[in-house]
2 protein chains.
Amino acid sequence: MNIPGSQLPNWLQRSAENTPQKIAVSTPEIEWSFAELNQQAIQLARQLAALGVRQNSRVALLASNGLPFVVCVHALMRLGAILVPLNVRLTLEEQVWLLRDVDALALVSDQQYHTRASELKQAFPALLEARLLLDLADRQVTLQNIAPDLHTPLLDEIDLEAIQAIMYTSGTTGTPKGVLITYKMQWWNALGSSLNLGHHPESDCWLLCMPLFHIGGLSILLKNVIYGIRIIVYEKFDARSINQAIQAQGVSIISVVAVMLQRMLADLDDRQQHYPTTLRCVLLGGGPAPRPLLEECARRHVPVVQTYGLTESCSQAVTLAPGDALRKLGSAGRPLLPVQLHIMDEEKVAQPHQPGIICLKGPSITTGYDHRPEATAATITDGWLATGDIGYVDEEGYLYVLDRRNDLIISGGENVYPAEIEAILLAHPEVEEAGVCGQADPQWGQVPIAFVHLKAGSSLSSDMLLAYATPKLARYKLPRAIHIVDQLPRNSAGKLLRRELPNYLIAKMPKKH
Amino acid sequence: MNIPGSQLPNWLQRSAENTPQKIAVSTPEIEWSFAELNQQAIQLARQLAALGVRQNSRVALLASNGLPFVVCVHALMRLGAILVPLNVRLTLEEQVWLLRDVDALALVSDQQYHTRASELKQAFPALLEARLLLDLADRQVTLQNIAPDLHTPLLDEIDLEAIQAIMYTSGTTGTPKGVLITYKMQWWNALGSSLNLGHHPESDCWLLCMPLFHIGGLSILLKNVIYGIRIIVYEKFDARSINQAIQAQGVSIISVVAVMLQRMLADLDDRQQHYPTTLRCVLLGGGPAPRPLLEECARRHVPVVQTYGLTESCSQAVTLAPGDALRKLGSAGRPLLPVQLHIMDEEKVAQPHQPGIICLKGPSITTGYDHRPEATAATITDGWLATGDIGYVDEEGYLYVLDRRNDLIISGGENVYPAEIEAILLAHPEVEEAGVCGQADPQWGQVPIAFVHLKAGSSLSSDMLLAYATPKLARYKLPRAIHIVDQLPRNSAGKLLRRELPNYLIAKMPKKH
């Protein structure tokens, strides 16, 4: 589609023109101005063009949080190529499946993942493969051994209707699906967020310690250049260094999940410190937050802003305004301006306080899944996305999330889909039935556990089954325990009742007295 | 067009849900919360429906700055009707022409303009006419003697592609043209402005003393509900009361033209005061600002932000960021994020420092003029709007406006088009030639003056001609002086050389020694 007025100037280019000398990205090793970041993106785009990347090419990126990732995202935008960020925690088998599903033309990796990239290349000999090198001395990120193509024209404009990224998420079926993320979604998400949280172009600085291969991290790279504000990128979450950055570097916004925030507060306690007033927003997403944590933050005046979103909504969709944090403790807030929210109960809009499926509509919501028209049609009706999550709104329209997508387990901010783990277990020839649910965990919020009913005559042990699943499932998806049981709880129609699995476990445990 | 994702929730409705008790609009007489404003808009929409207003009806509004105007704007949005704000300074003849040109279905006026509205109704017996009453005791704005229609459904959504308003502007031809203003333009203008100026939802307050029938005023009514911030609306500019509001009411942003700012500074001097730090932005538009004024503001730390825009760009298109105010004194700044800027010199993009026509592109720029495809085609090419204004950009892309649209005269912030005045003068049977140009004026910046060559044998005097023009031209367009001359300066092709008119005047004046 070429809709009049849907072209914008390239956001990074514009920020580089507006404020060339301003710091765009800081990492512990190096920091770059907007002019440097823009120049590096152009240079890398020319190398990607030489590799064979063109408009609409699908380019998988396997990299840790850092400048190579950041530059690659912007370089692909200059070519109109589509970013497919790979979750680095996935196993080789999972990544192979994903590259095949998305029909990737090329794979780009950073130094940390060169070995894995080689393994993936072996599985797909036709895949174009290139490696990102960060040269600290020359202050540049390049593709190893590739001369730039100076002839391929780069895009100066962004077409809002074009696809910026395809991001995989599983959902209830257990099969990962590629969510189409357009530039329009990123733009509206950024603007909706700024209308709610405010925008202080002179002083804002956003600290990013969430994985860039998830929408919550990636969307901040876009906010970086749309807002023209500095971001600080950490490879990994480390409470101590993040607290130090907040104290010393003028961080004004930070995105975290509950487990991170708990560790940050514990570290603050250890050092008997508190946060400076420059920290104006702690954006807390990735699943329901424990109420004691919210109360603790309120007591300590930590400016927590709860938020609810998913890949399909390009991160934040519903956010609690800072002014409401105390009055509406436990709520995810109200929809951002571009977003409309309905709670649907059996095809009717539910009344306040009546639970139902959380449905979202608006220009920051995806139009569908890559090459899966049935999944798209099953999820989106007349522009309304049925998230599958359960919640209600109060009489003032504030959302309370009761349950994430059916039986979704959220472990340290990562989504874990029971159906996906069950499918792996069921693929074992000696497994008859499998059921997975979440178990509370003090460190990760939840961890998955599995219940398996073996075929008659099988002598498979839990450990053998775990060894079987290990190469097939990312570590955070691997069941913490596999219980061999005689049967699984099912309703009269034979549907597995995952919610009953925990009770079922208690029933199976030896009585304590 | 029904583009997916182009529907947004009604902005006022959303602000009323987000912050029902927050003050939305203050006037010297009364102030309303967002909930009250929303409820009043719904009530007035039902009365307008009873009057016969429907989706896409064109409704002329003749009202001074105040709550009736504000409510009417939002009521029309709930019906999907098109607002046609009438410049209250126009003469009866000019307003009659405009109502005919826009093919208005209805005319709505406030108490101050009831008499004029009756005169207009006489000229158009088929026109639906209704009168707005502000009832301070009951805190409401109603249509006189009209019972609400409770059956017509109101719109909960805004279609960004729909037309919100048609605003008349003259341009070089002298014939006013209706600029199509879509919701999309208003949205992108608001967002582009907030990305540049910042957005402080908890504390921002925008003071509005510009006429609401111009885009610079009207666009603030949209920002009011998109940002969810308070606005203070003054009927007229009065330096003393505006300075008092800035001191006492936490005004953070104010939109002014140069002549207003000069008077505000003079009043400050009289009272030996200075502005509080809560005033973070004095948005200075409506024509080039005198350099001494800018230097004076810099000396006094008045946070002036220069801006360039026009009706066709939905107000602000190019703005000097606060941080650049001193370094780039005299520049109008850089384009807002949604806007692209080119300087065109004979169909080529000009080099830095090379003057040419200022051209703009982006989603906040109009797609054209109402029922004037030729004028649209002559002005817009491939999405690029040729403003007709002359300027250049420096090597950093900062715009310097040299001359407003060809021979545009800007008098106290109002655009005065020489061709429009010349057309009136030429319509007199005894006038052979007419030329109009601006003359510097200490109070208004510029005022129009006219040069007229009479037909052979005519004994028309300047005063007689002025009396003839008075009912046909708004006061600010009426020539301050009409000079009867023997000939007008023309080039070899016979084209009037308006720029030479002032020199021509000097030549005609008696020598001083």
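Here are some short exercises on a predicted model, each with a worked solution.

## Exercise 1: The nine-stranded sheet of chain A

Find the order of the strands in the open sheet of chain A, and say which strands stand at its edges.

**Solution**

Step 1. Start with the order. The nine strands of this open sheet follow one another as β3-β2-β13-β12-β14-β15-β16-β17-β18 (chain A), and the pairing is mixed.

Step 2. Now look at the two ends. β3 (31–33) and β18 (334–335) of chain A each have a single partner strand, so one side of each lacks a neighbour in the sheet.

Step 3. Zoom in on one pair. Strand β2 (residues 23–26) of chain A runs antiparallel to β3(A), and three bridges join them. Within this pair, Ile23(A) has Ser33(A) of β3(A) as its bridge partner.

Step 4. Add a helix. Helix α7 (residues 215–228) of chain A lies across β2, β12 (205–208), β13 (230–233), β14 (253–257), β16 (304–310) and β17 (315–319) of chain A. The direction of α7(A) is at about 160° to β12(A).

Step 5. Finish with a residue of this sheet. Ser315(A) sits in strand β17 of chain A. Its phi is positive, about 75°, although Ser315(A) is not a glycine. With a relative accessible area of 9%, Ser315(A) is buried.

## Exercise 2: The sheet of chain B

Describe the open sheet of chain B, then name the strands that helix α9 of chain B touches.

**Solution**

Step 1. In chain B, nine strands make an open sheet with mixed pairing, in the order β3-β2-β13-β12-β14-β15-β16-β17-β18.

Step 2. At the edges are β3 (31–33) and β18 (334–335) of chain B, which each pair on one side only.

Step 3. Next, pick a parallel pair. Strand β2 (residues 23–26) of chain B and strand β13 (residues 230–233) of chain B run parallel and are joined by two bridges. Val25(B) has Ile231(B) in β13(B) as its bridge partner.

Step 4. Now the helix. Helix α9 (residues 258–270) of chain B packs on the sheet and touches β14 (253–257), β15 (281–285) and β16 (304–310) of chain B. The directions of α9(B) and β14(B) make an angle of about 115°.

## Exercise 3: Covered strands

Decide whether the faces of strands β11 and β6 of chain A are covered or open.

**Solution**

Step 1. Take β11 (residues 177–182) of chain A and count. Six of its six residues are buried, so β11(A) is largely enclosed by the rest of the structure.

Step 2. Check each face of β11(A). Lys177(A), Val179(A) and Ile181(A) lie on one side, Gly178(A), Leu180(A) and Thr182(A) on the other, and all are buried. Both faces are therefore covered.

Step 3. Find a partner strand. Strand β10 (residues 163–169) of chain A pairs with β11(A) in the antiparallel sense over six bridges. Here Ile166(A) is matched with its bridge partner Leu180(A).

Step 4. Turn to β6 (residues 106–109) of chain A. Ala106(A) and Val108(A) on one side, and Leu107(A) and Ser109(A) on the other, are all buried, and both faces are covered.

Step 5. Look for the partners of β6(A). Strand β4 (residues 58–62) of chain A pairs with β6(A) in the parallel sense over four bridges, and Leu62(A) stands opposite Ser109(A). Strand β7 (residues 128–135) of chain A also pairs with β6(A) in the parallel sense over four bridges, and Leu107(A) stands opposite Glu129(A).

## Exercise 4: A cavity

Work out which residues line the second largest cavity, and of which classes they are.

**Solution**

Step 1. There are three cavities of 30 Å³ or more. The second largest has a volume of about 50 Å³.

Step 2. Its lining includes Ser193(A), Ser194(A), Leu197(A), Trp206(A) and Arg280(A). Helix α6 (residues 183–197) of chain A gives the largest share, three residues.

Step 3. Sorted by class, the lining has five nonpolar, four polar and two charged residues.

## Exercise 5: Buried or exposed?

Classify Thr91(B), Asp103(B) and Thr381(A) as buried, partly exposed or exposed.

**Solution**

Step 1. Thr91(B), in the loop between β5 (82–85) and α4 (92–102) of chain B, has 10% relative accessibility. Buried means under 20%, so Thr91(B) is buried.

Step 2. Asp103(B), in the loop between α4 and β6 (106–109) of chain B, has 59%. Exposed means over 50%, so Asp103(B) is exposed.

Step 3. Thr381(A), in strand β22 (residues 380–381) of chain A, has 49% and counts as partly exposed.

Notes. Residues are numbered from 1 along each chain as its sequence is written. Chains are lettered from A and ligands numbered from 1 in the order in which they are written. This is a predicted model: local features need pLDDT of at least 70, side-chain atom pairs count only at pLDDT 80 or more; totals for chains, interfaces and linings use all residues. Side-chain values use heavy atoms; hydrogens and water are left out. Two strands pair if DSSP finds at least two bridges between them. Contact means heavy atoms within 4.5 Å. Axes are lines fitted to C-alpha atoms, for helices over the stretch in contact, and angles run from 0 to 180 degrees between N-to-C directions. Buried means under 20% relative accessible area, exposed over 50%, partly exposed in between (1.4 Å probe, protein chains only). On a 1 Å grid over the protein atoms alone, a cavity is a set of points where a 1.4 Å probe fits but cannot get out, and a pocket is an open set with protein on both sides within 12 Å along at least five of seven lines; lining residues have an atom within 4 Å of a point. Grid points are joined across faces, edges and corners, and a volume is the space filled by probe spheres set on the points. Ala, Val, Leu, Ile, Met, Phe, Trp, Tyr, Cys and Pro count as nonpolar, Asp, Glu, Lys and Arg as charged, and the others, Gly among them, as polar.
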